[in-house]
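User: I am new to reading protein models. Could you walk me through some features, one by one?

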Amino acid sequence: KDFAVLNADNKESRRLKNLTPAKTYFFSLKEGQRDKNLKEARLSGEHNRANIMAAVIAGRILRLDRAKMVKALVNFKGLKHRLEFITIKNGISFYEDSQSTSPYSTASAVEAFSKQQTANSKQQTAKNLILIMGGYRANAKESDYSEPVSKFFMPHLKAVVLIGRVAPIIQNEYFRQKRTRAHGPDFIKNCETLAKAMREIKNLAENGDVVVLSPGAESFGEF
C-alpha cells in the first residue's frame, strides 16, 4: 500500500489528497511549534522544519524506533552547502549556503536566522546577520530579486555585501523598495568579488554576528 505525506499548511499540497489513491498523512508547522524534539533540531529555517516533520511521519509509517529517530533528528547537522555551519572565529559564526542559487532560497536563508534568533531568545531581536549575496544569473532583472530584497528589511539583518554581475541589479531593487519602507540594513555595498567582500566583512563583523554566504545566483567558480 502506498502512502503520501503532505504539508497541511500548503494549499497545493492539501489538494493532492484528492488526486492520489495513497493513504495520506498531514503535518503542520503550526502544530510543530509545540514539538519539543523539533525545537532541539540543529537545522535552521522553516523549510528544514517542514522536512523534519515529513521525515518523522514517514518513520512512524515504517514503524521505526522513536528514540532512534529523535537521536538522529537532534544530531543531524544538515547537508553540505545548505546553511552549513562552518566555524566560529572571534565570536563570529560563519555559515555556507552556496547551494542557494535561486533568489527564493536566499530569502529562506535570511528568514531562517530570524526564526533561529527568536527561538533562542525572548529579548529584542539583535541586528547581527551579515549576508553575502550575488553571482551570475542569465538575463537577470530587478524583479527577480524582489522577494529576497524584501527580507533586507527584517530587523536582524545588519549588512548586505554584494558580489558578481547581479550585484548592481540587487542594489537597484533594494533602493527601489527603500523608497516606501523604513529601516533596512545599516550597510549595503557592491564589493564585486568574494575576496573584496571578505575584506569588507573583516571590518564590519563583531562578536556575536553571523555571516552567511547565500548567493541567490550561480557562482561560475568564485565560491
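Analyst: Gladly! Let us begin where two helices touch: Ile52, Val56, Gly59 and Arg60 in helix 4 meet Arg66, Met69 and Leu73 in helix 5. Contact means heavy atoms within 4.5 Å, and helices (H or I, at least four residues) and strands (E, at least two) are DSSP runs, numbered from the N terminus. The residues of this contact divide into four nonpolar, one polar and two charged. Here Ala, Val, Leu, Ile, Met, Phe, Trp, Tyr, Cys and Pro count as nonpolar, Asp, Glu, Lys and Arg as charged, and the others, Gly among them, as polar.

User: Where do these numbers come from?

Analyst: This is a predicted model, in which local features need pLDDT of at least 70 and side-chain atom pairs count only at pLDDT 80 or more, while totals for chains, interfaces and linings use all residues. Residues are numbered from 1 along each chain as its sequence is written, and side-chain values use heavy atoms, with hydrogens and water left out.

User: At what angle do the axes of helix 4 and helix 5 cross?

Analyst: Axes are lines fitted to C-alpha atoms, for helices over the stretch in contact, and angles run from 0 to 180 degrees between N-to-C directions. The axes of helix 4 (residues 46–61) and helix 5 (residues 66–75) cross at roughly 160 degrees and come within 10 Å. That makes helix 4 roughly antiparallel to helix 5, a label for angles over 145 degrees.

User: What is a nonpolar core, and which residues have the most contacts inside the largest one?

Analyst: In soluble globular proteins, nonpolar side chains tend to be buried together. A nonpolar core is a set of buried Ala, Val, Leu, Ile, Met, Phe, Trp, Tyr and Cys residues joined through side-chain atoms within 4.5 Å. Buried means under 20% relative accessible area, exposed over 50%, and partly exposed in between (1.4 Å probe, protein chains only). The largest core has 26 residues, and Leu131, Tyr145, Phe152 and Ile170 have the most contacts inside it. Among the elements giving two or more residues to this core are helix 6 (103–120) and strand 5 (129–135).

User: Is His183 buried or exposed, and what is its phi?

Analyst: Most residues other than glycine have a negative phi. Phi of His183, however, is near 65 degrees, a positive value. His183 sits in the loop between helix 8 and strand 7 (187–192) and is exposed, with a relative accessible area of 66%. Glu192, in strand 7, also has a positive phi, near 70 degrees, and counts as partly exposed at 47%.

Methods
Parallel < 35°, antiparallel > 145°, perpendicular 65-115°, else oblique.
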